[in-house]
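Student: Can you walk me through this model, one topic at a time?
Tutor: Gladly; ask in whatever order suits you.

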Amino acid sequence: MEHEAHNPALLHHFADAQQQKNAASLGMWLFLVTEIMFFGGMFCAYLVYRLAHFNAFAAGSQQLNIWLGATNTGVLIVSSVTVVLAVKAAEAGKRKVLVGYLVVTVLLGMTFLVIKGFEYKEKFEKHHVPGATFNFTDKFDDNGKQIPVNPKEAELFFSLYFVMTGMHALHMIIGCGLFSVLTVLAWKGHYTPGYFTPIENAGLYWHLVDIIWIYLFPLLYLISRHS
Amino acid sequence: MASQVDALYIYLLLVSGLMTALIFIAVAVLAIKYRRVPGRDAHPIEGSTVLEISWSVIPFFVMLTFFIWGAVIFFEERTPPANATEVYVVAKQWMWKIEHMEGQREINELHVPTGQNVKLIMTSQDVIHSFFIPAFRLKQDVLPGRYTTLWFNATKPGRYHLFCAEYCGTQHSGMGGDIIVMAPQDYAQWMAGGPSAPLQETGKQLFASLGCVTCHRSDVQGRGPNLIGVYNKPVLLEDGRTVIADENYVRESILDPTAKIVKGFKPVMPTFQGIISDEQLNALVAYIKSLSQPPTGTAGLQDQPAPSPAQPQKTQVQ
Amino acid sequence: MASKAASIVIPANQPPKLNYLNNGSSLKSWLLTTDHKRIAILYLISVTAFFMLGGFFAMLIRLELLTPQGDLLQADTYNKVFTMHGIVMVFFFLVPVVPAILGNFLVPLMIGAKDLAFPRINLLSWYLYVIGGVLFLHCMLTGGVDTGWTFYTPYSTAGSNTNVVEAGLAIFIAGFSSIFTGLNFIVTVHRMRAPGLTWDRLPLFIWANYATSLIMILGTPVIAITMVLVAVERLFHLGIFDPSLGGDPVLFQHLFWFYSHPAVYIMILPSMGVVSELVACFARKRVFGYKFVAMSSVAIAVFGFLVWAHHLFVAGISLYAALVFSLLSFLVGVPSAVKVFNWTATLYKGSISYATPMLYAFGFIGLFTIGGLTGLILATIGIDVHVTDTYFVIAHFHYVMVGGVLMGYLGGLHFWWPKISGRMYPEGWAKLSALFVFVGFNLTFFPQFILGYVGMPRRYWQYPPEFQVLNVLSTAGASILAVGYLLPMIYLLWSLRYGPIAEANPWGAAGLEWQTTSPPPTFNFDETPVVTWEAYNYDEIPPKELEAPVAG
């Protein structure tokens, strides 16, 4: 069996590069579906409890830092743009531009995590972390009317808040790690216009993590915000 | 009820048995008739859409009979009659605590008279249990944090197994007991032999001693809604929803008052979670339910000679 | 007429020089393999080991239940034993057994590919399985877990003082093994079919594994997140499922069963795929209603996601929800019935051999029919109220899992054994074992239907004396069944060394896997096949003699 010249990235069980690319693409899309189902369970629990304990959830939501949350949303959207531009650069064979956008993406991801860290710190200081130290005395501001809420239900809100944003942050960390590896490989010239599938697929992953945040942000932060 | 369930079961067994026999016989006959012999090849057959449709649709219609009959029985099982005697059940690891309205308490045993509709109002103190009476063909999970109900009408005197049917820890299999069904005279005798006040009386005392009566007044408009006649009626809430004030609503209002605020009232009621036990909660719920009853009849038994529980002063409110 | 399908010529009595088994014999070449066939063997070894562990627990249960009193084990120990029997059998045996062993081995071969789409992820799948398994072993050895494999809250989050978090983590990790296998299969079937192999020419085993893979990737993540929530609640005293902290224990049940019901279709579908292959080969004809059988696999996968709350009929759901889920549960029975009818119809005017794999197929058809019908009985809510949480349910699911999945697996293992190992198993011993399995199985589990209806609840360490006779029958059956399972382990191992060498296609079967040597070379085919024929073209393949033939 003669060994024709081919892209060193072509794996031997594939007939050709196109088949490999199609397979990798489909594989990544399927993996994203599993991620949606994974987060879906949490979203389901959140929806059920929000319907049952709306006032407490609104009170909890109003105690989240909407500015930090909104900034983070902006950061992630911009990072998705840099991902798209990185893919474009890879397609065009512009190695330095590609590396640049990958680096910016990682930096933006880390910015997200740092801001999240500040948010969590704030929650800790206000005794809104569920568990032994939890203490919630705020009310639900319903258009001026102050409605007291059951602190146990508010604790449930924060439990879901931490689990959902925590799981999301974990995925962000993995994403940053992934993109850091890609940056190094891109610098070394592994990606050419003929083969940049990992950049595309990692980009898909990043976009999904972004979209999950775009759902998390209004669901968690924007319950009954008026002014 | 048990005989209805058995009748359905026999029907299901017959149909299933018939289906099983058909398949077994078909496979056996075909496997023998068409066993491999030299000289005869297999005859390829693609399929038959008519057959496929038939053997999809016909079984489905048969299954519909299963569904409908089962649903009818289930509907009856889940619809307690309005005049049922109520008994409160509190499950805990690993015993059943029973409280009759008349005040009798039992552990792991439930005495009931024949011919009486009995509705159990059950909750758990800890984990999920399940109240299972095989002889009655009935079962209902018992959950912490809310009430679930089970009703029956026992027709034959006797002693019947009670089992816990939801795994609940070490002594799950030891959490059994008996349902003791007695002829009405015997039951009355048993009932008279017991001490303590009717459940509503206990509830009424708690209502006073816990201070509920200071806000939930029936003479003037208090800080809390008037509870006369509230049970099982629709209630309009602050947020616009209308809910029915059933046992779970009453229970929730005591343990988690800010969950549903009645329209026109402020959320000032404190929670009693952790302050009262499940038994005390049951007594309060029984009392509040009794505030809906007409002044004459009792919610208890036809043969009960004991005095009916005292009714509070009634001012008719809508 | 010789068809293009039967074009390979292998010299008789000559084992191929280099095949996937002897292509490298160092430990490293096995533990770092990316060859799907070697990974299948790795799975075969580890899954069988877990099966024996689960079987050991089953033996303890049946021994304890010989007497009404709890006299063999302590109550807590018994509770751990049935919990771990369930966890091991469900997550570490039934879910992977057919897809990860037979599926991994056969999917690329059957579609004419050199390997799965992602061989390294395939290896990762196995390592995740092993890590999950080792973690579970550790959990078991450091105190075990006693919540039941269903982990109902609040007992699992607040009541039990056993290694719940560790068990949950083991299941979480094993779940990803499952997800990656499913992902691999889907991409492989979509992208790597040989030229000419259109969807309507695929073997039904491929259709079955494809449908299974859809369930794996959609359902498994939900159990993963559910176990995370249980762990988080337990570790940090959150209140997601605990009512005393504001949570809802029934929500756990919904989330748990949203995966765990489709999971049973993950278990049965691949076995059904095996049965299709066996019936076609040993009746020497195309499965009757091929399109319907293929579509029924997909229908089962889809409808299987709509019925989960039939596990919650008495759990506190509303009357109307119960009615809806009851109706849907009947619906999902229809495609399964369709398969049974089609297999039976395939026998008509066939040329039927009674080789061991076919005996297992017959067993599957009969026992799955009983198991499935009792499932319909359970879907009938008026009956379910009485028999749920009793031995009736246990009997039902063992009929479909053991009478169904396991018999299908054993049939497939024997059928493809020559392809996998290059050797034939001893037919006489195999038939004897099949008999032991069939008799032992029915004696073990049929009495349990009766036990359940007369009221014996499940997960009971002790029971009222009137239930003893049926329990004794059941235990007697279990000992016969155990023999039926041990025998194949012995003779299959024996055959590796002393069994007659098998030829490429000892059964005269259709399918691309038989167009390469036994065992296959590492890259499966010397030349990529080009498919121009329909599946199950038995009218074009010359038959072999009766019974399993030997090369030469």
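Student: How many residues does the contact take from chain B and from chain C?
Tutor: The contact takes 66 residues from chain B and 71 residues from chain C, where two residues are in contact if their C-beta atoms, placed from the backbone, lie within 7 Å. This is a predicted model, in which local features need pLDDT of at least 70 and side-chain atom pairs count only at pLDDT 80 or more, while totals for chains, interfaces and linings use all residues. Residues are numbered from 1 along each chain as its sequence is written, and chains are lettered from A and ligands numbered from 1 in the order in which they are written.

Student: Which element gives the most to the side of chain B that touches chain C?
Tutor: That is α2(B), with 15 residues. The elements giving two or more residues to that side are α1 (2-33), α2 (49-77), β6, β7 and β9 of chain B, where helices (H or I, at least four residues) and strands (E, at least two) are DSSP runs numbered from the N terminus.

Student: And by class, what does the side of chain B that touches chain C have?
Tutor: There are 37 nonpolar, 17 polar and 12 charged residues on the side of chain B that touches chain C; Ala, Val, Leu, Ile, Met, Phe, Trp, Tyr, Cys and Pro count as nonpolar, Asp, Glu, Lys and Arg as charged, and the others, Gly among them, as polar.

Student: You listed β6 there. Is β6 of chain B buried or exposed?
Tutor: In strand β6 (residues 129-133) of chain B, 5 of the 5 residues are buried, so the strand is largely enclosed by the rest of the structure. A residue is called buried if 20 or more other C-beta atoms lie within 10 Å of its own, exposed if 12 or fewer, and partly exposed in between, with C-beta atoms placed from the backbone. His129(B), Phe131(B) and Ile133(B) point one way from β6(B), Ser130(B) and Phe132(B) point the other way, and all are buried.

Student: Which strands do bridges join to β6(B)?
Tutor: Strand β7 (residues 138-142) of chain B runs antiparallel to β6(B) and is joined to it by 5 bridges, with Phe132(B) opposite Lys139(B). Strand β9 (residues 158-164) of chain B is also antiparallel to β6(B), through 2 bridges, and there Cys164(B) is the bridge partner of Phe131(B). Two strands are said to pair if DSSP finds at least two bridges between them.

Student: What about the hairpin of β6(B) and β7(B), which residue takes a positive phi?
Tutor: Arg137(B) does, near 60°, in a hairpin that has 4 residues between the strands.

Student: Switching topic: in what order do the 5 strands of the open sheet in chain B come?
Tutor: The order is β3-β2-β1-β5-β8, with mixed pairing. The edge strands are β3 (105-107) and β8 (148-153) of chain B, each pairing on one side only. Within chain B, β1 (residues 85-92) and β5 (residues 117-124) pair in the parallel sense over 7 bridges, and Glu86(B) stands opposite Lys119(B) of β5(B).

Student: What does Val89(B) touch?
Tutor: Val89(B), which lies in strand β1 of chain B, touches Trp96(B), Ile98(B), Leu120(B), Ile121(B), Met122(B), Phe131(B) and Val142(B), not counting residues up to four places away in sequence. Val89(B) is buried, with 25 other C-beta atoms within 10 Å.

Student: Now helices: at what angle do α2 and α15 of chain C pack?
Tutor: Helix α2 (residues 36-64) and helix α15 (residues 468-498) of chain C pack at about 160°, with axes 9 Å apart; axes are lines fitted to C-alpha atoms, for helices over the stretch in contact, and angles run from 0 to 180 degrees between N-to-C directions. That makes α2(C) roughly antiparallel to α15(C), given that angles under 35 degrees count as roughly parallel, over 145 as roughly antiparallel, 65 to 115 as roughly perpendicular and the rest as oblique. Among the residues making the contact are Gly55(C) and Ala58(C) of α2(C) and Ser474(C) and Tyr485(C) of α15(C).

Student: Last one, how many helices and strands does chain A have?
Tutor: Chain A has 6 helices and 2 strands, in the pattern α-α-α-α-β-β-α-α along the sequence. Buried residues make up 39% of the 227 residues in chain A.
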